[in-house]
Amino acid sequence: MPLLQLEEPLGGLATEALVPWLQASDRFPRMLWQSRDGQLTVAALGLASRFKAPQEHPTHARRIWCVAGFDANQSWNGYPAHLSYIPEIELEHSPAGWTLRISLGPETSVEQLQRSLATLHRISPEPDAGLPPVVAPVRHQPQQPQWCQQVGAVQRAIADGELQKVVLARQSSLRFEAAPSLWSLYRSWSQQALNCYRFVFEPAPGDGFISLSPERLMQRSGDQLLTEALAGTAPRPSQSAEARDASLELLADSKNRHEHQLVIEDIQHKLASIGLSCSQRCETSVLQQRGIQHLHQLLQGYANPMPADTLIAHTLHPTAAVGGLPGEAASRFLCHNESLVRGWYAGYCGYLAPAAAELAVTIRSARLQGNELQLFAGAGIVALSDPLAEWQELDQKIALPLSLFVPGEEHVSRRTSLS
Ligand SMILES: C=C(O[C@H]1C=CC=C(C(=O)O)[C@@H]1O)C(=O)O
């Protein structure tokens with residue numbers, strides 16, 4: 001637990017100052033999180049206390065930040081499979097205004113804290129340094145022939161009745177001439193992104209993770225729980241009339257509807273296992289992203305009393321939108337057949353507090369390690385999936401960040417114009 005927590009309202013700041021403020025500090029980890037509706041933005045520095053297991057969360061702490069990797073048994077160096085912590089400094093913007101929260105831990109250096117605080121009123125948004133050129137072609141893991149084999153293996157397991165769906169993933173790596181700034185990369189990507197959570201985590205200098213994810217794992221406000229099924233994808237043309245037709249086509253497409261329906265059933269079944277009944281809030285709709293769109297179904301959970309947030313998150317994750325169905329068989333399949341380590345890709349991130357909690361699924365994500373950037377994307381494979389169309393879907397999912405530094409979208413196997 002932190003030794004001391006202080007909270008002060010603040011004035012006179014601009015949200016654009018948050019990134020320069022984080023960049024100017026020498027305190028790690030550095031973290032930025034923004035809700036998909038843009039209502040809550042938090043920039044955080046340092047680590048005042050860390051909790052070993054989610055069940056250790058003290059109930060009176062105001063807000064605990066949580067990140068979990070896709071697989072509790074496998075992570076990247078420097079990125080724990082599960083992290084629950086209270087930062088030393090949190091700077092929060094919400095409709096209520098600005099709040100500064102300070103939590104002192106046993107290892108907090110008061111001098112460093114003062115330095116980080118002193119910069120608060122001196123920071124002005126700086127012109128972005130830009131990104132260095134990319135020096136080598138994009139490398140995919142798996143490559144296309146192995147991808148097609150993996151899709152074939154999923155479909156054989158579906159035909160044998162062992163599986164209904166598996167979400168296969170790909171890692172696409174790029175090398176820059178010099179190490180880009182994580183925050184410049186985030187800024188350029190974020191300026192273009194639509195309808196997404198925004199999460200940046202920098203555990204140490206030279207290594208960082210970004211996720212601009214459209215997908216919510218859960219949101220609780222008091223005893224109201226919202227979750228959602230987000231699965232089924234199509235390109236989104238830039239012209240509005242064409243975009244409308246493409247949405248209608250996606251809503252009517254039987255392969256995508258099936259892929260999506262499996263996620264709804266998975267979530268309903270998982271919530272029922274912890275005593276939560278779950279209903280669909282409205283008709284299935286389409287969530288628009290830059291260049292692509294997804295089938296989207298809001299789900300509301302009811303229970304009295306509401307189970308603990310950690311239990312809900314642990315039960316839902318990984319949903320069939322990032323793992324598969326049945327969950328355990330899909331995890332075994334991925335363990336044996338997927339060659340990449342997903343790390344924080346397709347995990348979750350966000351906060352838990354007594355009054356409210358919100359966790360996003362960490363898709364549309366990237367890890368920057370020195371000069372190398374790894375971009376992650378996955379696609380749900382069902383019986384009717386076409387391996388090459390699913391490969392193109394992966395390209396569409398990374399087209400936005402790639403377009404920032406690979407000119408002319410040379411990487412995209414079928415062109416999709418970003419709107
Ligand atoms: C796993 C990813 O997307 C999921 C979310 C939306 C649509 C999906 C799909 O259509 O396959 C995936 O289930 C990803 O982008 O890496």
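**Close-up views of a predicted model**

Pro326 sits in the loop between strand S18 (324-325) and helix H8 (327-337). The views below all come from a predicted model.

**View A. A cis peptide bond joins Leu325 and Pro326.** Omega of this bond is about -10°. Look for Pro326 in the loop that runs between S18 and H8.

**View B. Asn304 and Pro305 are also linked by a cis peptide bond.** Here omega is about 0°. Pro305 belongs to the loop between strand S17 (292-302) and helix H7 (309-316).

**View C. Seventeen residues surround the ligand, and this view shows their setting.** Ala231, Thr233, Ala321, Gly378 and Gly380 come nearest to the ligand. Two or more residues of the shell are given by strand S14 (224-235) and by strand S22 (372-381). Sorted by class, the shell has 9 nonpolar, 5 polar and 3 charged residues.

**View D. Helix H3 (residues 144-159) packs with helix H9 (residues 387-403).** A pair of packed helices is described by the angle between the axes and the distance between them. For H3 and H9 the angle is about 120° and the axes are 9 Å apart. Angles over 115 and up to 145 degrees count as oblique, so H3 is oblique to H9. The crossing of H3 past H9 is right-handed.

**View E. Helix H6 covers residues 254-272.** With 19 residues at 1.5 Å a residue, H6 should span 27 Å, and its end C-alpha atoms are indeed 27 Å apart, so the two values agree. Buried residues of H6 include Asn256, Glu259, His260, Asp266 and Lys270, along with Leu262, Val263, Ile264, Ile267 and Leu271.

**View F. Asn195 and Ala346 each have a positive phi without being a glycine.** For Asn195, phi is about 45°, and the residue is found in the loop between helix H4 (182-192) and strand S11 (198-204). Asn195 counts as partly exposed because 17 C-beta neighbours lie inside 10 Å. For Ala346, phi is near 65°, and its loop lies between H8 and strand S19 (348-352). Ala346 has 27 C-beta neighbours inside 10 Å and therefore counts as buried.

**View G. Glu215 lies in the loop between strand S12 (207-211) and strand S13 (216-221).** Is this loop residue buried or exposed? Glu215 is buried, because 25 other C-beta atoms lie within 10 Å and 20 or more are needed. Glu215 and Leu104 are 111 residues apart in sequence, and their C-alpha atoms are 33 Å apart in space.

Key. Residues are numbered from 1 along each chain as its sequence is written. This is a predicted model: local features need pLDDT of at least 70, side-chain atom pairs count only at pLDDT 80 or more; totals for chains, interfaces and linings use all residues. A residue is near a molecule or strand if its C-beta atom, placed from the backbone, lies within 6 Å of it. Helices (H or I, at least four residues) and strands (E, at least two) are DSSP runs, numbered from the N terminus. Ala, Val, Leu, Ile, Met, Phe, Trp, Tyr, Cys and Pro count as nonpolar, Asp, Glu, Lys and Arg as charged, and the others, Gly among them, as polar. The expected span of a helix is 1.5 Å times one less than its number of residues. A residue is buried if 20 or more other C-beta atoms lie within 10 Å of its own, exposed if 12 or fewer, and partly exposed in between; C-beta atoms are placed from the backbone. Axes are lines fitted to C-alpha atoms, for helices over the stretch in contact, and angles run from 0 to 180 degrees between N-to-C directions. Angles under 35 degrees count as roughly parallel, over 145 as roughly antiparallel, 65 to 115 as roughly perpendicular and the rest as oblique. A crossing is left-handed if the near helix is turned anticlockwise from the far one by less than a right angle, and right-handed if clockwise.
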